[in-house]
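Subject: Model handover

Hi,

Here is the model for your files. My notes follow below it.

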Amino acid sequence: MAAYGLYSHIQSNRRRSIALLIGLFFLIYLMVYAGALVAEALSVNADSDVLMQLAWRDFLQAAPWATVGTALWVVIAYYFHQNMIDALTGGRDVTRAEEPRLYNILENLCISRGITMPKLKVMESDALNAFATGMSDKQYSITVTTALLNRLNDAEIEAVLGHELTHIRNGDVRMMVVAVIIAGVVSFFAELVFRLWFYNGFSFRGRSDDDRRGGGAAFAILIAVAIIAVAYFLSFVIRLALSRSREFLADAGSVELTKNPDAMISALRKIEGRGELPGATSAVMEMCLDNPRQGFGELFDTHPSVDSRVAALVKFAGGHDPGPLALPPQQESEADDDRSEPPPPSGPWGPAADDSSEAEDASPGPTSDSPAGPWGPHTGGTSQSGHN
């Protein structure tokens, strides 16, 4: 059934995501069967048909354990995935006192739509990017880089936060975290099978001139390797599908929250090509606002191109595309100075004592001998200035 409107697209996307995640669990069972097939081929002399039957018997015995192990993996990731992400990115929690500008923008967005406010995190990075993580209302958090705070204005930051809030509202963040977890299980099983084969010297039993049953083992291993390769490739493609199909909806959701498509467009243009997080894994980059890592064209990109996202906002939201934007070279350093060293409070008695010499040097008029106070310099100093 075709989807019409933003909310029906969200519901349709959720159904497709659930189907894709079920497919990921199916891939795990494929990996278990492939592992059983390799194990039987390395230990039993038999034809390929017999080996496949033995592998199926082993699979039925191992499937419950694989299910329990995968569920345990998901539970561990549910409670500790944020700690692992923070360890990779260096994100830290911030409060209103530490980041009043960022905190107030996010709070206003959440209050205006009755959304539970997620935690706010900042990571030190020269990249311009942001991402949301979490699997429940108590865990959701939004992480932004310091460079993004320094280079974007308030309207653009609001658009970025609206984009990440939409990912949370639509359930994208939860789905992406679960997909990354399950894809990690697929990768783990693939590596386990290949290590098993590697430690056995890429060999199998029954390799003799008068015993043709060894050919069955070779065929069984080829089937297992093909299953592993297909499962790993499909898990990768599924992760891309979960990510790419949601970015357009998140952009549209940001415009819905902020009523400002031009801010979302200018934010994308500023972030374009500047979002690479050094040291971040591909799983983290897939959750970011923009992922500059590319494959073959756009076939293996986790995000649609900025041009296509901007074109969608221009066409459907009535925005205006300014084209690629260059960042002022001094904007970041000036912002850092303003944020780190606020000006000293002014008062009738002037600056603090340790800054008095600088104030006297910078201000013309009375000399250093003239007393400072709320009534200005004494009369003699004034008359002397007038005489000169």
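A132 of β3 has I142 as its bridge partner in β4. The model is predicted, so local features need pLDDT of at least 70 and side-chain atom pairs count only at pLDDT 80 or more, while totals for chains, interfaces and linings use all residues. Numbering starts from 1 along each chain as its sequence is written, and side-chain values use heavy atoms, with hydrogens and water left out.

**The sheet**

β3 and β4 (residues 141–145) run antiparallel and share 4 bridges. Two strands pair if DSSP finds at least two bridges between them. Strands are DSSP runs of E, at least two residues; helices are runs of H or I, at least four residues; both are numbered from the N terminus. F131 is bridged to T143 in β4. T133 has S141 as its bridge partner there.

On its other pairing, β4 runs parallel to β2 (residues 119–123), with 5 bridges. V122 stands opposite V144 of β4.

The whole sheet is open, has 4 strands and follows the order β1-β2-β4-β3, with mixed pairing. β1 (92–93) and β3 (130–133) are the edges; each has a single partner strand, so one side of each lacks a neighbour in the sheet. In general, strands of a sheet pair through backbone hydrogen bonds, parallel or antiparallel.

Which way do the side chains of β3 point? A130 and A132 go one way, F131 and T133 the other, and all are buried. Buried means under 20% relative accessible area, exposed means over 50%, and partly exposed lies in between (1.4 Å probe, protein chains only). In β4, S141, T143 and T145 point one way, and I142 and V144 the other. Of the 5 residues in β4, 5 are buried.

**The core**

V144 comes up again here. The largest nonpolar core has 90 residues, and V144 and L161 touch the most other members. Helix α1 (residues 6–43) gives the largest share of this core, 13 residues. Such a core is a set of buried Ala, Val, Leu, Ile, Met, Phe, Trp, Tyr and Cys residues joined through side-chain atoms within 4.5 Å.

Leaving aside neighbours within four places in sequence, V144 is in contact (heavy atoms within 4.5 Å) with L102, K121, V122, M123, N129, A130, L149 and L161.

**Helices α5 and α8**

T166 sits in helix α5 (residues 154–169). T166 counts as buried because its relative accessible area is 3%. Not counting residues up to four places away in sequence, T166 touches L249, A250, G253, S254 and L257. T166 and E256 are 90 residues apart in sequence, yet 9.4 Å apart in space, C-alpha to C-alpha.

Helix α8 (residues 261–271) is mostly covered, with 10 of its 11 residues buried. Among them are R269 and K270. G273, just after α8, takes a positive phi of about 75 degrees.

**The surface**

Y79 is in helix α2 (residues 48–89). Is Y79 buried or exposed? Y79 counts as exposed because its relative accessibility is 55%.

Y79 joins L72, V75, I76, F80 and M84 in a nonpolar surface patch of about 620 Å². Patch residues have over 30% relative accessible area and no salt bridge; like charges are joined within 9 Å, nonpolar side chains (Val, Leu, Ile, Met, Phe, Trp, Tyr) within 5 Å. A salt bridge is a side-chain nitrogen of Lys or Arg within 4 Å of a carboxyl oxygen of Asp or Glu. Accessible areas come from the Shrake-Rupley method with a 1.4 Å probe; for residues, only the protein chains shown count as cover.

Best wishes
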